[in-house]
Amino acid sequence: MKKYRLSDETRPYHWQHGETKGTATLRQIVAEHDFGDVKAGCRGGWIDDENALSHDGLCWIYNENSVVFEKAHICDNARLTQPCVISHGAHISEDSWVDGAHISHGARLCGNVTVQHSQVRGECQLSGNARILHESTIIAALGMTPDPEQILRIYDNATVSQSRVVHQAQIYGNALVSYAFIEHRAEVFDNAVLEGNEINNVWLCDCAKVYGQARLTAGLEEDAIPTLRYSSQVAENAVVEGNCVIKHHVLIGGHAWLRGGPILIDDRVVIQGRAKISGNVLIEHRIEITDDAVIASMEGEYIHLRGEKILNGQEHITRTPLLGAL
């Protein structure tokens, strides 16, 4: 039994993607009988043909200003509320909830996914209990990295808010991401937290990873942007705050704490234990910092550590050592 009919009235919907323009001819859905919380005679959104909205399940397009066209498909118990634009092969299924959002160009939503007031575009998969909230932008793009097959995925209980996630990034587990820019094949997972603000984002790119209980937090000062690049990782219970740039296979773990002022960590550095680093500091080239070591520049001072060495125990460095002192 069909649960809805298409109205006799039609309306054109003009769309544009880049330089490509088109017009879809849409007709409004009208419920034929009661199902779920929908009553017979209730009018919903507009679709270009009946393949856009399944007659099975409780799926429905609640808002009369929503449109679904260009081979997009809504099925199972998926719900569209507030004005939505769903197009170009997007597939929304199971118990997904899309609220005031744009979903297009092959994006697939399943499970109990929520997308509110955000945009999802390109060949990606959102699944599990993932949530995309508050003007977030998800733009999947293959071919941006050496891995031609990996698609962008956000799943499990991950939450993305007021952020931009692009290319082939992966966010999963119980990760919390807000005010962040995540690109290429970067990953955020486990219970990791990325916490930017209205002034500064957190930035992950290349093959960087943040996981465990790790936290990256932006500051409110100019350039207080935690940046993780080139296969670097922040893991376990490490905390990175403010103007910290971490790149080229750096590993930060344990209960290490970095507070930017600015800090640059580069080239296979390992920081773990309860190490603390703050102030204007440059650490590069195969240095290992562990235990309770502290590296803290005084105001107006600058510390530069370079070369293969291990700093451990309770060493406390407040200025650049003399050549050969370490």
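Student: What makes the charged end of Arg11 count as sitting over the ring of Trp46?

Tutor: In this predicted model, the charged end of Arg11 is 5.3 Å from the centre of the Trp46 ring. The distance limit is 6 Å, and the charge must also be within 35 degrees of the ring normal. The distance passes, and Arg11 is listed as sitting over the ring.

Student: Where does the charged end of Arg153 sit?

Tutor: Over the ring of Tyr155, 4.1 Å from its centre. That value is also within the 6 Å limit.

Student: Which aromatic cluster includes Tyr155?

Tutor: Tyr155 forms one cluster with Tyr172, Phe189 and Tyr211.

Student: How many aromatic pairs are there?

Tutor: The count is 6. One of them joins Tyr13 and Phe69.

Student: Why is the pair of Tyr13 and Phe69 called tilted?

Tutor: The centres are 5.1 Å apart, and the planes meet at 50 degrees. Rings pair if their centres lie within 6.5 Å, so the distance passes. Stacked needs under 30 degrees and edge-to-face needs over 60, so 50 degrees falls to tilted.

Student: Why is this pair said to tie together parts of the chain?

Tutor: Tyr13 belongs to strand S1 (residues 4-17), while Phe69 is in the loop between strand S5 (67-68) and strand S6 (73-74). The two parts are 56 residues apart in sequence, so the pair ties them together.

Student: Is Phe69 buried or exposed?

Tutor: Buried. Its relative accessible area is 1%, and the cut-off is under 20%.

Student: What makes the pair of Phe189 and Tyr211 stacked?

Tutor: The angle decides. The planes are at 5 degrees and the centres 5.0 Å apart. Under 30 degrees counts as stacked, so the name fits. The pair links distant parts of the chain, 22 residues apart. Phe189 is in the loop between strand S24 (187-188) and strand S25 (193-195). Tyr211 is in the loop between strand S27 (209-210) and strand S28 (215-217). At 13% relative accessibility, Phe189 is buried.

Student: How do you know how many disulfides the structure holds?

Tutor: It holds 0. A disulfide needs two cysteine sulfurs within 2.5 Å. For Cys110, the nearest cysteine sulfur is that of Cys75, 9.8 Å away. For Cys207, the closest is in Cys205, at 9.5 Å, so a bond is ruled out.

Student: Are Cys110 and Cys207 buried, partly exposed or exposed?

Tutor: Cys110 has 17% relative accessibility and is buried. Cys207 has 27%, so it is partly exposed: past the 20% limit, but not over 50%.

Student: Which residues have the most contacts inside the largest nonpolar core?

Tutor: Ile86, Ile103, Ile182 and Leu204, in a core of 83 residues. A second, separate core of 7 residues includes Trp15, Ala24, Leu26 and Trp46. As a rule, nonpolar side chains in soluble globular proteins tend to be buried together.

Student: Which residues is Ile103 in contact with?

Tutor: Beyond four places in sequence, its contacts include Val85, Ile86, Leu109 and Val120.

Student: How do you know whether Val68 is buried or exposed?

Tutor: Its relative accessibility is 0%, so Val68 is buried. Val68 lies in strand S5. Farther along the sequence than four places, it touches residues including Leu26, Trp46, Ile61 and Ile86.

Student: What makes the link of Gln28 and Arg43 a polar contact?

Tutor: Their side chains are joined at 3.1 Å, and the limit is 3.5 Å. The Gln28 side chain also makes a polar contact with that of Glu64, at 2.9 Å. Gln28 lies in strand S2 (residues 20-31). At 4% relative accessibility, Gln28 is buried.

Student: What does the side chain of Ser118 reach?

Tutor: The backbone oxygen of Gln116, at 2.9 Å. A polar atom of the Ser118 side chain also lies 3.0 Å from the backbone nitrogen of Ser136. Both distances fit the 3.5 Å limit. Ser118 is in the loop between strand S13 (114-116) and strand S14 (119-121). With 6% relative accessibility, Ser118 is buried.

Student: Why does Gly173 count as buried?

Tutor: Its relative accessible area is 15%, and buried means under 20%, so Gly173 qualifies. It sits in the loop between strand S21 (170-171) and strand S22 (176-178). Gly173 and Asn157 are 16 residues apart in sequence, yet 5.6 Å apart in space, C-alpha to C-alpha.

Methods:
Residues are numbered from 1 along each chain as its sequence is written. This is a predicted model: local features need pLDDT of at least 70, side-chain atom pairs count only at pLDDT 80 or more; totals for chains, interfaces and linings use all residues. Side-chain values use heavy atoms; hydrogens and water are left out. Buried means under 20% relative accessible area, exposed over 50%, partly exposed in between (1.4 Å probe, protein chains only). A nonpolar core is a set of buried Ala, Val, Leu, Ile, Met, Phe, Trp, Tyr and Cys residues joined through side-chain atoms within 4.5 Å. Contact means heavy atoms within 4.5 Å. Helices (H or I, at least four residues) and strands (E, at least two) are DSSP runs, numbered from the N terminus. A polar contact is a pair of N or O atoms within 3.5 Å; within protein, one must be able to donate a hydrogen and the other to accept it, and residues adjacent in sequence count only if both atoms are side-chain atoms.
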